[in-house]
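Biologist: I would like to take a close look at a single part of this protein, and I would be glad if you could lead me through it step by step.

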Amino acid sequence: MLGRSALSRTGSFRPENLGQNALVMIGNLCFTLFVIGVLIFTIIAATYEPEDPLFHPSTKITTFLTSTSNATFKSDNTVVKTGEDFMRPNETAIAAFINITDVENPTPDATECEGGVNQPIDCSDPDVFHMLMRAAIEVFRDIHFYRFGKPVRGSNESTCDMAWRFRPKEGKTASFYKDYRTFVISRSENCTLSILGIGDYHSGLNARKKKRNQKRGFQKQEPAATMLVVGEVVNDSLPVVESESSFSQGKYLIYTGGGDRCKSMNHYLWSFLCALGEAQYLNRTLVMDLSLCLSSIYTNSNGDEEGKDFRLYFDFEHLKESASVLDQAQFWSDWNMWQKKDGLSLYLVEDFRITPMRLAQSNDALIMRKFGSVEPDNYWYRVCEGETESVVQRPWHLIWKSKRLMDIVSGIASRLNWDFDSVHVVRGEKVKNRELWPNLDRDTSPDALLSSLQEKIEDGRNLYIATNEHDTSFFDPLKDKYSTHFLDDYKDLWDENSDWYLETTKLVNGAPVEFDGYMRISVDTEVFLRGNKQIETFNDLTSDCKNGINACSTAAS
């Protein structure tokens, strides 16, 4: 008895209690594991962030661009976002608009008018200037004015043309706009001046100032600090090298060959901006091909179309003022003249895996990247993958949409007095594919649209309908409640008598220019984005996903 351990005499370790103790220990262990599991799950849930496709590494975007699978998720090869889409409005600049109280109210001086009732209107008279400014502010109540140009004589003795810079009051984009209009003025017997009428958008041609063609070297320019201005005269003439000395002292980069031609605009920009980013990293002038191939997804012929000028789609004036670029035709002409004479060397690179970092020390006048014929390794954007991705940045801020196309957008919005709502109605091929979009046809029918819009848009409003439905009479039932407007209602802004057509034909040496599918999509979308209220198909009209069944989490409106 005395030799037994004290432990053997404790009640908890008696044989009859061992089963009960085991159950208690197992229960405690399970509860502990449960608490730990809940804690881990809570930490994960609090810190997890889903992937943002805009910040995917370039390898994932490469896979997305080159995918040919029949998966439900399909790439949207229609509208390309460019640098100005990511600009934020300068709050200080847009707050400094002109109020009517800032403009002097002119008073007529009868003593100066005796015998001058029939005299021509003096558009340079400060009182005339003040009168025109006040009239513009009073008539166009849905815009803010930021600058007025001095009036000039119009087409006859009783008209004056005046230009101004403005923004819509409800404007969301980081842009200013320029308009210039004709004012018809009369003088009464007591010499009081009054305005009889104001012309249409861009009617005051004599007030449209032309920029001087200033020659510039190939030194890099600082990005423009001011906001984009739509409506100014565009100077997208090709840059030229001023002298043999300037050319011989320059350093150049050119990409040739590859499989990027005739791909979507998304693909094109992803590759082009890789080349431009490398050129900036290497402090070299990018030699670029201004002749594009427009993919069949944008053409009326349903086939790829070569020979499209870069300047028809993008703002080359902004690019050449913000970066060092040169047209390849001009470059090769100069190279052939001076390469042998000045001993200019060329370094050929045929492997995209040779990184820009390895080329940084090259002293050769020209680095030529030559791409082969095997896709996808012959895509230009492969250069910017891997370790290069964190070193070479694509300069998105250098690529803006064509100011000429944006001027058409401004023209449409101005005719609607910048006071309209908009709805984007996607139909086309998608309504035929009920497997991926089972409800789209029903949800975008006229009856369904009337039902959906009645809670969102007031009766009688101007309603701009951006759509890929070719037969706009499909939307006729909406006319009973709204004043409907479509892109083709404004064909005169791009027909053969328009400023756009006149200017674009000059770019291509007088050849006719088609307002193609990509231009239509771009303008239609931009007008939609300027509506006061914007109703989207896949956010507001239907429960279907933009990219098909079960793809709503990845769809972007």
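How many bridges join β4 to strand β6, and do the two run parallel or antiparallel?

Modeller: Please keep in mind from the start that this is a predicted model. Three bridges join β4 to strand β6, which covers residues 228–230, and the two strands run parallel. To find one of these places in the structure, look for Phe176, whose bridge partner in β6 is Val229.

Strand β4 itself spans residues 175–187, and it is mostly covered, since ten of its 13 residues are buried. Besides β6, strand β4 is joined to strand β3, made of residues 159–168, by eight bridges, and here the strands run antiparallel. Within that pairing, Cys160 has Phe183 of β4 as its bridge partner. If you follow the chain from β3 to β4, you pass through a hairpin of six residues.

Strand β4 is also joined to strand β5, residues 193–198, by five bridges, and this pairing is antiparallel as well. Here Ile185 is the residue to look for, with Ile195 in β5 as its bridge partner. The hairpin of β4 and β5 has five residues between the strands, and in this hairpin Cys191 takes a positive phi near 75°.

From β6 we can now step across to a residue that lies far along the sequence numbering, namely Lys403, whose place is in helix α10, residues 403–415. When its neighbours within four places in sequence are left aside, Lys403 is in contact with Leu228, Val229 and Val230, and also with Val234, Asp315 and Glu317. Val229 is therefore a useful landmark, because the residue that is the bridge partner of Phe176 is also among the contacts of Lys403, a residue that is itself buried.

It is worth pausing on that last word, buried, and on how it is reached. Lys403 has a relative accessible area of 12%, and a residue is called buried when this value is under 20%, so Lys403 counts as buried. Its side chain makes a polar contact with the side chain of Asp315, at 2.4 Å.

To retrace the path in the structure, begin at β4, which is joined to β3 by eight bridges, to β5 by five and to β6 by three, and then go from Val229 to Lys403, which is in contact with Val229.

Methods: Residues numbered from 1 in each chain as written. Predicted model: local features only at pLDDT ≥ 70, side-chain atom pairs only at ≥ 80, totals over all residues. Heavy atoms only, no water. Helix = DSSP H or I, 4+ residues; strand = E, 2+ residues; numbered from the N terminus. Buried < 20%, exposed > 50% of the residue type's maximum accessible area, 1.4 Å probe, protein only. Polar contact = N/O pair within 3.5 Å; in protein donor to acceptor, adjacent residues only side chain to side chain. Contact = heavy atoms within 4.5 Å. Pairing = 2+ DSSP bridges.
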